[in-house]
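Student: I have a new structure on my screen and I'd like to learn how to read its strands and helices. Can we go through it together?

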2 protein chains.
Amino acid sequence: MQLDHIMQQSAAAFSQYKETSLAQRATFLRHLAELLDQGVERLLPIACAESHLPEGRIKGELARTTGQIRLFATYLEEGSWLEVTIDHGDPDRSPAPKPDLRRMLVPLGPVIVFGASNFPLAFSTAGGDSISALAAGCTVVYKGHPAHPETSLLVFELVQAALKEQDLPAAIFQHVAGGIAEGQELVQHPLAEAVAFTGSYTGGKALFDLAYARPKPIPVYAEMGSTNPIVALEEYCEANMEKMASDYSQSLTLGAGQFCTNPGLLFIPESKADDFAALAAKLLAAMPSQLMLHPGIQSAYASAVEAMKAQAGLEWICTPDHLTAALPALARVKMEDWSASHRLHEEVFGPFGLMVTYADREQLHAMPALLQGQLTITLWAEEQELAAHEGLIAGLGSRCGRLLFGGVPTGVEVGHAMQHGGPFPATTDSRSTSVGVHAIKRFARPLAYQNCPDSLLPEALKEKNPLKISRTVDGKLSLGD
Amino acid sequence: MQLDHIMQQSAAAFSQYKETSLAQRATFLRHLAELLDQGVERLLPIACAESHLPEGRIKGELARTTGQIRLFATYLEEGSWLEVTIDHGDPDRSPAPKPDLRRMLVPLGPVIVFGASNFPLAFSTAGGDSISALAAGCTVVYKGHPAHPETSLLVFELVQAALKEQDLPAAIFQHVAGGIAEGQELVQHPLAEAVAFTGSYTGGKALFDLAYARPKPIPVYAEMGSTNPIVALEEYCEANMEKMASDYSQSLTLGAGQFCTNPGLLFIPESKADDFAALAAKLLAAMPSQLMLHPGIQSAYASAVEAMKAQAGLEWICTPDHLTAALPALARVKMEDWSASHRLHEEVFGPFGLMVTYADREQLHAMPALLQGQLTITLWAEEQELAAHEGLIAGLGSRCGRLLFGGVPTGVEVGHAMQHGGPFPATTDSRSTSVGVHAIKRFARPLAYQNCPDSLLPEALKEKNPLKISRTVDGKLSLGD
C-alpha cells in the first residue's frame with residue numbers, strides 16, 4: 001500500500017521531470033556532486049563502519065562517485081545520446097508524399113534501482129544506476145541495501161537537498177528501506193518501467209524472472225558478476241612469471257575479493273603451473289586477513305570454499321585453515337576436470353582463485369566455447385605469440401564485455417568507452433553497460449514525430465537545432481556546432 | 001535433430017561471417033537487391049497467388065524490399081552504428097594508470113527470424129528483420145511463413161545465389177519450413193542468440209515467454225501490431241469532416257486492413273460523431289470486398305467482429321451482412337464504455353474500426369493513461385487548438401513509438417528516422433525498431449578492448465581510423481572524413 005503510493009508519486013513526478021531540459025538536469029546532477037563532495041566528513045565514518053572498508057577506499061569511492069556524476073552531467077548535456085535522426089519530407093514525391101520524420105530517445109519512466117553491498121557509494125544510492133536513470137530523465141525509486149542503511153539515507157538526504165535547490169519535485173528520487181519482499185513488490189508494480197540491479201546471480205535472476213512474467217514485461221539490467229578469466233600463454237609465462245604471481249595475488253585479494261571483476265579463474269599452461277603455484281602460494285599466504293562486507297557474505301565465502309573441496313581433480317595450493325576472515329584460497333585443476341564440472345564454472349564471491357591448467361593449444365582453443373558469459377576476460381600474452389593463435393581473441397571476445405590485453409580486470413575505469421556488462425549470466429542484458437556514459441541509454445526508448453509543426457517539436461528536434469547537438473539529418477551525421 | 005544441425009551450421013558460419021568487413025557485407029546485400037529486382041517476373045505471379053494481394057501492391061512491396069536492402073548496405077558501411085568510442089590511456093596518471101579503452105558494437109550470433117504473412121516480401125525472407133541481422137554481421141535461420149511457402153523459397157534461392165557470388169558460406173542464411181513446433185525448437189536452441197518476429201500478439205508473446213524462460217535468456221523483438229488510435233480534436237473536425245471520413249475509410253481498408261498500423265481506434269468529440277459516422281458509413285459501404293491473406297485470417301476477422309457484438313454500449317455504424325470476404329465494419333462506443341472493457345482495447349486484425357466518443361476535455365486528457373502501448377498514435381488537430389491542450393501531446397507520446405500530426409498511420413516510411421516499435425504490447429521491446437536503419441542495433445552488443453596493441457585491434461578501432469567512420473574520441477564526437 002505504501003509502496004503503491006510511492007510508485008504513484010514517482011509516475012506523477014516523471015511527467016514533470018521528463019519535460020526538464022538537458023541543461024536543468026545537468027545542473028541538478030552537478031549540484032548533487034558538489035553536495036556529496038562537501039559531505040565527505042559526514043559520509044566517511046558511517047560508510048567505513050557499515051561496510052568494513054578502509055577509509056582510503058571509501059574516499060576513493062566517493063571521488064569516483066562524484067566524478068561519475070559530473071561525467072553524466074557533461075554527457076547528457078552534449079546530447080549525442082539522444083540519437084536525433086531527422087529525415088526531411090518531400091510533399092511532391094510520387095506515388096506518395098514523403099513524410100517529415102524526426103526521431104529521438106525519450107525516458108522510459110520510473111526506474112527501480114537496487115544498490116550493491118560491495119560499493120556503498122559508487123553502485124548504491126547515488127551510484128551509476130541511479131545517476132544514469134536520472135540523467136536520462138527517469139524518476140528513481142531506490143531500494144536501499146540493508147548492509148549500509150545509514151550511508152544510504154545520508155546520501156538520499158543529499159539528493160533531496162539537490163532536488164530542492166533546483167525546485168524539482170522530491171518524488172523524482174525516493175528511498176525505500178526493507179528487504180526482498182519490498183524489492184519484489186516494486187519490480188511487479190504496474191508503474192515501474194525498468195529495473196537496475198548489481199549483486200548476486202540469485203538475486204538478479206529472481207528479479208529478472210519476476211519482471212518478465214509481469215502482464216507488461218519491463219527490462220531488467222542486472223549485473224551479476226562473473227569469474228573474469230585470465231588466460232596466460234606460454235611465452236608470456238616464461239618472461240613474466242614473477243609479475244604474474246604478484247599481479248594475480250593482488251587483484252584476487254583486492255577489497256577482500258569482493259569485486260564483480262575479481263579474477264576467479266586463471267588458465268595457464270600445465271608446464272608453467274608448478275612455478276606459478278609456488279610463487280602465488282607464498283604471496284597469498286603473506287596477505288593480511290580482511291573483514292568482508294558483512295557476516296552473511298563472510299559465511300557464504302567460507303561455505304563456498306569448503307564445498308569446493310568435494311570437487312573432483314581439485315588440488316589445493318593455498319588453503320586457509322580457518323575462514324573466519326577473508327583469507328585467500330587458491331586451487332588448481334586440469335582442463336578436463338574443469339570442463340566436466342558445472343560448479344567450477346561459477347563465481348565464488350571472495351578471494352578464491354582457481355588455476356585451470358591446459359595441456360596444449362587444442363585444449364586452449366576449445367576453452368572459449370565452454371566459458372559462460374563474462375564481464376571481462378584478460379589475455380596475458382606476448383604480442384608476437386598471438387600470431388600462432390588465430391581465432392583465440394575472437395573466441396574470447398565472444399564471451400565477454402571487456403577484453404583486456406595485460407593488466408588485471410579489477411579496476412573499472414569510469415569513462416566514455418567503458419563496457420561493464422557481458423553475455424548472460426554476467427548480466428541479464430548483454431546489450432547494455434552499467435558503467436560509463438552509455439549506461440544512460442538503458443533508460444530510454446525511441447519516439448518518432450511525423451509531420452509535426454516545428455513549434456510543437458521538442459527542442460532537440462527543431463529544425464534550427466537550438467541545442468546545438470550532433471544529429472543525423474537526411475542520412476548524414478553532423479556535429480552540433 | 002535436423003534443426004540442431006542447422007543451428008550448429010549457423011554458429012559455425014557466424015564465426016566466419018562476423019569477421020567480414022563492412023564493405024564485404026554491403027557488397028553482398030547490394031548484390032542480393034540486384035538479384036531480387038531481376039527476379040521480379042518470377043516473383044510476382046507466385047507472391048500474388050499465395051498472398052491474394054494485387055500485383056501493384058506486390059510490385060511496390062518488392063521495390064520497398066530492395067530499397068530497404070540498399071539502405072542497410074549504405075548504412076552499415078557508413079559505420080556510425082558501431083558506436084565506436086575511444087578513450088586514450090595515460091600511463092602516468094596517479095594513483096593508477098589510465099587504461100586505453102576502445103568500445104564498439106559486435107554482432108550477437110545466430111538470429112531466428114519469423115516471417116510475417118501480411119508482407120510476403122518486405123517483412124519476410126529477405127525483409128527488414130533478416131537484412132538488419134545480416135547487416136549487423138549475424139547469421140540468420142529463417143522460419144518461413146506457411147502462408148507463402150513458394151515465395152519464401154524463391155527468395156531464399158536468391159539469397160543463396162548472392163552468398164555464393166561473394167564466396168560466403170551458404171549457412172549464413174538458412175531456411176526452415178514448418179509450423180509452430182519448429183519455431184519453438186529454434187527459439188529454444190542453445191545456439192540461438194536473438195529472435196525477430198512480426199505477427200500476432202499470441203504468437204509473439206509465446207515466443208517471448210519461451211526465450212526468456214531458457215537457461216540462457218535471449219532477446220526477442222516481436223512486433224505484434226496495435227490499434228493505432230487516431231485522436232481528433234473539435235476544431236479540426238469542424239474544418240475537415242469530409243477529409244477525415246475519406247482518409248479514415250481508406251486507411252482502415254487499405255490492404256484489407258491487414259497492416260500493423262491499421263487505425264482501429266478513432267477518438268472523436270461526441271458532438272462530431274454523428275456527422276462523421278454518416279459520412280464514413282457511406283464510404284465504407286461502397287468499398288469493394290477484398291480477399292484476406294488466407295482463410296485462417298479471414299475467419300478470425302469474422303469471429304472477432306461477431307464477438308464485438310456482445311460488447312456493452314457498442315452501436316454499429318456499418319455492419320457487413322456476411323463476412324466471407326474482408327468487408328469493413330465500423331462501430332461507436334462512449335468513452336466510459338470503452339474504458340470499462342478490456343476487449344475494446346485490443347486489436348482486431350482486419351478492416352474493423354471503433355469510434356470512441358469523448359464528452360469533454362477531461363475525458364480526452366484522461367484517455368492516454370488508459371491506452372495500451374501502440375506502434376503509432378495520430379493527432380488530428382489544428383495547430384492553434386493544441387495550445388488549449390497542454391500535456392496531451394506528451395501523454396500520447398508516452399504511449400507510442402511514432403506520433404503523427406495529421407495524415408494516417410498506414411504507410412511506414414523506410415528511412416533513417418523511422419521508429420516502428422512501441423511500448424508493450426505493441427512490441428516486446430520498446431527500445432527497438434523493426435523498420436529503418438536503427439533496426440540493425442537489435443542484433444549487436446558492445447565489446448570493449450582494453451590496452452590492446454593496435455595491430456590486434458579490429459579495423460574500426462585502430463588509431464588511424466582506416467574505415468574513416470565517425471567515432472567518439474576522448475569524449476568528443478568526430479566525423480570520419
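**Reading strands and sheets**

Tutor: Sure, and keep in mind that this is a predicted model. Let's start with one pair of residues: Phe197(A) stands opposite Ala222(A) in S7(A).

Student: How many bridges join strand S6 of chain A to S7(A)?

Tutor: Strands of a sheet pair through backbone hydrogen bonds, either parallel or antiparallel. Here S6(A), residues 194-198, runs parallel to S7(A), with 4 bridges joining them. Add helix H8 of chain A, residues 201-213, and you have a right-handed β-α-β unit made of S6(A), H8(A) and S7(A).

Student: And the faces of strand S7 of chain A, which residues are on each side?

Tutor: In a regular strand the side chains alternate between the two faces of the sheet. In S7(A), residues 220-223, Val220(A) and Ala222(A) lie on one side, Tyr221(A) and Glu223(A) on the other, and all are buried.

Student: Which strands form the open sheet, and in what order?

Tutor: Follow the 12 strands across: S17(A)-S16(A)-S1(A)-S2(A)-S15(A)-S14(B)-S13(B)-S8(B)-S9(B)-S12(B)-S11(B)-S10(B), with mixed pairing. At the edges sit S17 (476-478) of chain A and S10 (315-318) of chain B, each pairing on one side only. On average, neighbouring strands are turned by 25° against each other, direction ignored.

Student: What packs on this sheet?

Tutor: Helix H9 of chain B, residues 234-253, does, touching S8, S9, S11, S12 and S13 of chain B. The direction of H9(B) makes about 160° with that of S9(B). Helix H11 of chain B, residues 295-308, lies across S10, S11 and S12 of chain B, at about 30° to S12(B).

Key. Residues numbered from 1 in each chain as written. Chains lettered and ligands numbered in written order. Predicted model: local features only at pLDDT ≥ 70, side-chain atom pairs only at ≥ 80, totals over all residues. Heavy atoms only, no water. Pairing = 2+ DSSP bridges. Helix = DSSP H or I, 4+ residues; strand = E, 2+ residues; numbered from the N terminus. Axes fitted to C-alpha atoms, helices over the stretch in contact; angles between N-to-C directions. Contact = heavy atoms within 4.5 Å. Buried < 20%, exposed > 50% of the residue type's maximum accessible area, 1.4 Å probe, protein only. Right-handed = clockwise from strand over helix to strand, strands pointing away.
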